[in-house]
Amino acid sequence: MASKVKYYKLGDESDYEVISYDNKTVEINNVREKEKQEDEYSKTVSEGLKSVLDKDIEDLSKKLESINKKIVTTLATNNVLYDENLSNDVALIDDNLVKVENIISKVIIEKESMKIGIFSSKKNEKREKQRSLNEAIDFLTRCQNDIIALRDEYNKLVERKEQVKDIDKKEEKDTSASLEQTINFYLNQKKES
C-alpha cells in the first residue's frame, strides 16, 4: 500500500511529493513539473484535435463538391435547365439543401408537364424522357439524403470544435485567475506593510 507524504515550505505546499511503498521503495515526484507537462500535453492535444476537425470539415467540403458535380451532370443529361448555383462550401450546406429541393421540384414539374395522350406524337420519346426524369428524381433524392448526412456530420464537427475552444478558454481563464490571485496577494502584502 502506497502512502503519499506532502511536504510544506513556510506556509506553502512544496513542489515535491514523496510516495512510500511499504517503507522499502521511496519515490519523489516534482508536482509542479508534472502539472506543467500535463498543461503542455493538454494544449498539444487541443491543437491536434482542432487540426483534425478542420481536416474533416475540409473533407466534407470535397464530398459536397462531388455531390454537386453529380447533380449538375444528371441535370445536363436530362436537358433540365436550372438557375441555382450550388455552393461547394460545407458551411453553406443548408442553402444547398434548399437549392436541391428546388431543383427536384423543377424536375418533378417538368416530368408531370409531359402528357402522353392517345393521339400524341412521339409517344416512345416522351415515355423514354419520363423514365429518364424518374431516374433523375430518384438520383437527386439520394443526393439530397447524402447532403443531409453531410450536414449532420458537419454540425457534429462544429459542435466538437466549439467544445475544444471552450476547454481552451477555460484553461486560459484558470491561468489568468491564478495570475490575478498572485497579484492580489502581493498587493495586499504591500498594503499591510
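Hi everyone. Let me start with a cut-off: a residue counts as buried when its relative accessible area is under 20%. Hold on to that, because V164, at 7%, falls under this cut-off and is buried. What you have on the screen is a predicted model, so please read everything I say today in that light.

Let's get our bearings first. The protein chain has three helices and three strands. Walking from the N terminus, the order of elements is β-β-β-α-α-α, with the strands ahead of the helices. There are 193 residues in the protein chain, and 24% of them are buried. As for the surface, about 14,300 Å² is exposed, with 51% of that coming from carbon and sulfur atoms.

Now, back to V164. Where does V164 sit? Its place is in helix α3. And what does V164 touch, once we set aside the neighbours within four places in sequence? The partners are S46, L49, K50 and L53. Take L53 from that list: L53 and V164 are 111 residues apart in sequence, yet their C-alpha atoms are 10.0 Å apart in space.

That leads nicely to contacts across the whole chain. If you take the contacts between residues at least 6 apart in sequence, 51% of them join residues at least 24 apart.

Next, the core. The largest nonpolar core has 26 residues. Which helices feed it? Helices α1 (31-77), α2 (93-113) and α3 (123-192) each supply at least two residues, and α3 gives the most, with nine residues. If you'd like names to click on, the residues with the most contacts inside this core are I71, L75, I103, V107, L140 and I147.

I147 is a good one to zoom in on. Not counting residues up to four places away in sequence, I147 touches L64, I67, I71, I93, L97 and V100. One of those partners, I71, is also on the list of residues with the most contacts inside the core.

My last stop is N96, whose place is in helix α2. Is N96 buried or exposed? Its relative accessible area is 1%, so N96 is buried. Leaving out neighbours within four places in sequence, N96 is in contact with L64, N68, L86 and S87. You may recognise L64, since I147 touches that residue too.

So that's the tour: V164 buried in α3, a largest nonpolar core of 26 residues, and N96 buried in α2. Thanks for listening, and I'm happy to rotate the model for anyone who wants another look.

Methods
Residues are numbered from 1 along each chain as its sequence is written. This is a predicted model: local features need pLDDT of at least 70, side-chain atom pairs count only at pLDDT 80 or more; totals for chains, interfaces and linings use all residues. Side-chain values use heavy atoms; hydrogens and water are left out. A nonpolar core is a set of buried Ala, Val, Leu, Ile, Met, Phe, Trp, Tyr and Cys residues joined through side-chain atoms within 4.5 Å. Buried means under 20% relative accessible area, exposed over 50%, partly exposed in between (1.4 Å probe, protein chains only). Helices (H or I, at least four residues) and strands (E, at least two) are DSSP runs, numbered from the N terminus. Contact means heavy atoms within 4.5 Å. Accessible areas come from the Shrake-Rupley method with a 1.4 Å probe; for residues, only the protein chains shown count as cover.
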